[in-house]
Amino acid sequence: MEFLFPSTYEDSRARFRVDFERIRPQWTDSRLESHPLQADPTLSIDYAWAEPSKKQNLIIVSTGLHGIEGYVGSAMLKLFMDEFVPRLDPENTGLLLVHAINAYGMKHHRRYNENNVDLNRNFIWDEVFDPQVNLDYEPLRPMLNPERPIANLFASDAAFVSRLVGSIVRLGILRIRQGMLSGQYRHPRGVQFGGQATQEGTRLMRELFDQAFERYEQIIHLDMHTGYGPRYQMSMVNSSREPASGPELVQRFQYPLVMAATPSDFYTTTGDITEYLYQLRDEKYPAKKLFGTCFEFGTFGDSLPAQIRSMRITILENRLCQHGAKSDGLRQAVRKEYEELFYPAEDKWREKTVADCRQATEGILRAYTLLKP
């Protein structure tokens, strides 16, 4: 099991490239491409096309949109390549496999890129980054973005709890969750910053999506994430534009937890990659077929205390990166808990993520009759 989960960005990238070379002879046209980052050319977004003679179906598996989440994404990408790729028909089904959309974040174990941008808030259709989006963020800003170094975790936690209680009284927990998580475009050093321009990784993915729709009749997109949801049950999170309901897809895919990115089921975001993909289909390629989803592997859990714990460490990590800490011990404590939020070390958790990914992928590919008998 441990061999699936890499310890460094470099190991993950090297493994992906080797694994693709192993499977590429199955396709008539296959190629591995690399996009070095402008800010650091030692880092790259690596992606592989495997194209069939009849361009009917395309399976896209993408990882590392939220940098640090790319380590679990890497494990699931390897699982897909090892177990599912040999069962596909290379005559009519192609692949687009993307390793580390946010290579900087993966390398440095951050959710954000080198500009502190959350790329899953950066897929803005018209590329107008409206600072008035998510006005619920403003009353939360003093709690979310303390502008001073971390000096004492006990004092920081006491201030956080005091501000959180006041915010709950004024806004309610649902508005707090939505205000924090849905994205903001005003404060570049704040949490959940969605950017003020289209980022490098976002632009590349937009180009790849266009190419995919131009060439193929049907696209299945699986995007890998960690953090939100029950600890030992992956959530399949769909676009609000997906016409099939959660209960319908539970039956179709034979997978127990399917939901939509709506306030009642999950939470809504601005600039989400899956929402963008559906809008691209609707606006430019309405005749094409699409199913896109996010595999969300929960870590802390979905209880209210778990959500508060997640909020706390998210705030502390951003504060650490923006303003520093008074000691190396404080820095290490924050980094350790942040790692657990997105890349838990527990064997039981990792075994369950593999089992859930296997079950969900099997269900989706069977439902779309993409697996050989």
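A crossing of two helices is called left-handed if the near helix is turned anticlockwise from the far one by less than a right angle. In the predicted model described here, helix α6 passes helix α10 in a left-handed crossing. Helix α6 comprises residues 173-181 and helix α10 comprises residues 304-323. The axes of these two helices come within 12 Å and cross at roughly 35°. On the side of α6, the contact is made by Ile-173, Ile-176, Arg-177 and Met-180. Helix α10 contributes Leu-304, Gln-307, Met-311, Thr-314 and Ile-315. Of the residues that form this contact between α6 and α10, 6 are nonpolar, 2 are polar and 1 is charged.

Charged side chains were examined next. Side chains of opposite charge can pair when their charged atoms come close. A search of the whole structure finds 35 salt bridges. One of them joins the side chains of Lys-78 and Asp-19, with a distance of 3.1 Å from N to O. This pair links distant parts of the chain, since Lys-78 belongs to helix α2 (residues 70-84) and Asp-19 to helix α1 (residues 9-23), with their positions 59 residues apart in the numbering. Both Lys-78 and Asp-19 are buried.

A further salt bridge is formed by Arg-206 with Glu-127, for which the closest N and O atoms are 3.8 Å apart. Arg-206 is located in helix α7 (residues 200-215), whereas Glu-127 is found in the loop between α3 (103-107) and α4 (137-144); the pair therefore ties together parts that are 79 residues apart in sequence. Arg-206 has a relative accessibility of 12% and so counts as buried, because buried means under 20% relative accessible area. Glu-127, with a relative accessible area of 33%, is partly exposed, as this class lies between the limit for buried and the limit for exposed, which is over 50%.

A salt bridge within a single helix is provided by Asp-328 and Arg-331. The closest N and O atoms of this pair are 3.2 Å apart. Both residues lie in helix α11 (residues 328-342), and their separation of 3 residues corresponds to about one turn of the helix. Asp-328 is partly exposed, its relative accessible area being 42%. Arg-331 is also partly exposed, with a value of 33%. Elsewhere, salt bridges that share partners join Asp-29, Arg-31, Glu-33, Glu-51 and Arg-215 into one network.

Notes
Residues are numbered from 1 along each chain as its sequence is written. This is a predicted model: local features need pLDDT of at least 70, side-chain atom pairs count only at pLDDT 80 or more; totals for chains, interfaces and linings use all residues. Side-chain values use heavy atoms; hydrogens and water are left out. Axes are lines fitted to C-alpha atoms, for helices over the stretch in contact, and angles run from 0 to 180 degrees between N-to-C directions. Helices (H or I, at least four residues) and strands (E, at least two) are DSSP runs, numbered from the N terminus. Contact means heavy atoms within 4.5 Å. Ala, Val, Leu, Ile, Met, Phe, Trp, Tyr, Cys and Pro count as nonpolar, Asp, Glu, Lys and Arg as charged, and the others, Gly among them, as polar. A salt bridge is a side-chain nitrogen of Lys or Arg within 4 Å of a carboxyl oxygen of Asp or Glu. Buried means under 20% relative accessible area, exposed over 50%, partly exposed in between (1.4 Å probe, protein chains only).
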